[in-house]
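Trainee: Could we go through this model together, asking at each step what a label rests on?
Mentor: Gladly; bring your questions and we will set each value against its cut-off.

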Amino acid sequence: QVQLVESGGGLVQPGGSLRLSCTASGRTFNIYQMGWFRQAPGKEREFVSAITWSSGITVYADSVKGRFTISRDNAKNTVFLQMNSLKPEDTASYYCAAQRRRSGKYDDWGQGTQVTVSS
C-alpha cells in the first residue's frame with residue numbers, strides 16, 4: 001500500500017498560480033504512475049493530469065493543457081502540479097492518486113487539498 005499526502009492548496013485570484021505537492025510513502029517501489037484528480041461541489045471527480053513514475057511521460061486533460069504542469073522528484077517520492085492562469089472553474093478539491101504496477105487503475109488516494117479561485 002502507498003500513503004499519499006497532498007499540500008499546497010489555498011485561495012488565489014483568477015490568473016494566479018499555485019503549486020500542489022503530493023508525497024508518497026510506503027511501498028513506493030511499486031508505483032507505476034501518479035495522477036491528479038479534482039472534484040468540485042456537485043460534480044463528479046475528473047482527471048487532471050498524470051505522470052509515469054520511471055519515464056516521466058505526462059498526460060493532461062484538455063481543460064488544463066498549457067496552464068498546468070505535472071512533474072516528479074523520484075528521490076523525494078513527490079509529484080507536483082504547477083497550476084498557472086487559474087480560473088474560477090478550477091475551484092475544486094484536488095486529489096493525488098497512485099497506480100501500482102500491473103494494476104490498471106488508481107489504487108491509493110490522498111485526502112485532498114482545496115483550491116479556490118476567486119476574486
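What follows is a conversation about a predicted model, moving from the whole chain to single residues.

Trainee: Let's begin with the whole chain. How many helices and strands does the secondary structure come to?
Mentor: The count is 0 helices and 11 strands. Read from the N terminus on, the elements are β-β-β-β-β-β-β-β-β-β-β.

Trainee: What makes the chain as compact as a globular protein of that length?
Mentor: The radius of gyration is 14 Å, and the globule rule gives 14 Å for 119 residues, so the chain is as compact as a globular protein of that length. Along its principal axes, the C-alpha trace spans about 40 × 25 × 25 Å.

Trainee: And what can you tell me about burial and surface for the chain?
Mentor: Of the 119 residues, 42% count as buried. The accessible surface comes to about 6,300 Å², with 45% of it belonging to carbon and sulfur atoms. As for contacts between residues at least 6 apart in sequence, 53% join residues at least 24 apart.

Trainee: Now the sheet of 4 strands. In what order do its strands come?
Mentor: The order is S1-S3-S8-S7, in an open sheet with antiparallel pairing.

Trainee: Why are S1 and S7 called edge strands?
Mentor: Strand S1 (2-7) and strand S7 (68-73) each pair on one side only, and that is what earns them the label. From one strand to the next, the twist averages 20 degrees.

Trainee: How do you know that S7 and S8 pair?
Mentor: Pairing asks for at least two bridges. S7 and strand S8 (residues 78-83) have 6 bridges, in the antiparallel sense, and therefore they pass that cut-off. For a concrete example, Met83 in S8 is the bridge partner of Phe68.

Trainee: What about S11? Which strands does S11 pair with, and in which sense?
Mentor: Strand S2 (residues 10-12) pairs with S11 in the parallel sense over 3 bridges; there, Leu11 has Thr116 as its bridge partner in S11. Strand S9 (residues 92-100) pairs with S11 in the antiparallel sense, over 3 bridges, and Tyr94 stands opposite Thr113.

Trainee: What makes one face of S11 covered and the other uncovered?
Mentor: Look at which residues sit on each: Thr113, Val115 and Val117 form the covered face, while Gln114 and Thr116 form the uncovered one. In a regular strand, side chains alternate between the two faces of the sheet.

Trainee: On to single residues. Why is Arg38 called buried?
Mentor: Buried means under 20% relative accessible area. Arg38 has 5%, so Arg38 is buried. Arg38 belongs to strand S4 (residues 31-39).

Trainee: What partners does the side chain of Arg38 have in polar contacts?
Mentor: One polar contact, of 2.5 Å, joins the side chains of Arg38 and Glu46; another, of 2.9 Å, joins those of Arg38 and Tyr94. The cut-off for such a pair of N or O atoms is 3.5 Å. Beyond its neighbours within four places in sequence, Arg38 is also in contact with other residues, among them Val48, Phe68 and Asp90.

Trainee: Phe37 lies in S4 too. Why is Phe37 called buried?
Mentor: Its relative accessible area is 10%, and the limit is under 20%, so Phe37 is buried. Not counting residues up to four places away in sequence, Phe37 touches several residues, including Phe47, Tyr95 and Trp109. Ser93 is 56 residues from Phe37 in sequence, while their C-alpha atoms are 8.4 Å apart.

Trainee: And Ser21, in strand S3 (residues 18-26): buried or exposed?
Mentor: At 17%, Ser21 is under 20%, so Ser21 counts as buried. Among its contacts, leaving aside neighbours within four places in sequence, are Val5, Trp36 and Phe80.

Trainee: Let's finish in the loops. What makes Ser85 partly exposed and Arg102 exposed?
Mentor: Exposed means over 50%, with partly exposed between that and the buried limit of 20%. Ser85, in the loop between S8 and S9, has 41%, so Ser85 is partly exposed. Arg102, in the loop between S9 and strand S10 (106-109), has 82%, so Arg102 is exposed.

Trainee: What is phi for these two residues?
Mentor: Phi of Ser85 is near 50 degrees, a positive value in a residue other than glycine. For Arg102, phi is near 60 degrees, again a positive value in a residue other than glycine.

Definitions and conventions:
Residues are numbered from 1 along each chain as its sequence is written. This is a predicted model: local features need pLDDT of at least 70, side-chain atom pairs count only at pLDDT 80 or more; totals for chains, interfaces and linings use all residues. Side-chain values use heavy atoms; hydrogens and water are left out. Helices (H or I, at least four residues) and strands (E, at least two) are DSSP runs, numbered from the N terminus. Axes are lines fitted to C-alpha atoms, for helices over the stretch in contact, and angles run from 0 to 180 degrees between N-to-C directions. Buried means under 20% relative accessible area, exposed over 50%, partly exposed in between (1.4 Å probe, protein chains only). A polar contact is a pair of N or O atoms within 3.5 Å; within protein, one must be able to donate a hydrogen and the other to accept it, and residues adjacent in sequence count only if both atoms are side-chain atoms. Contact means heavy atoms within 4.5 Å. The radius of gyration is taken over C-alpha atoms; the globule rule is 2.2 Å times the number of residues to the power 0.38. Accessible areas come from the Shrake-Rupley method with a 1.4 Å probe; for residues, only the protein chains shown count as cover.
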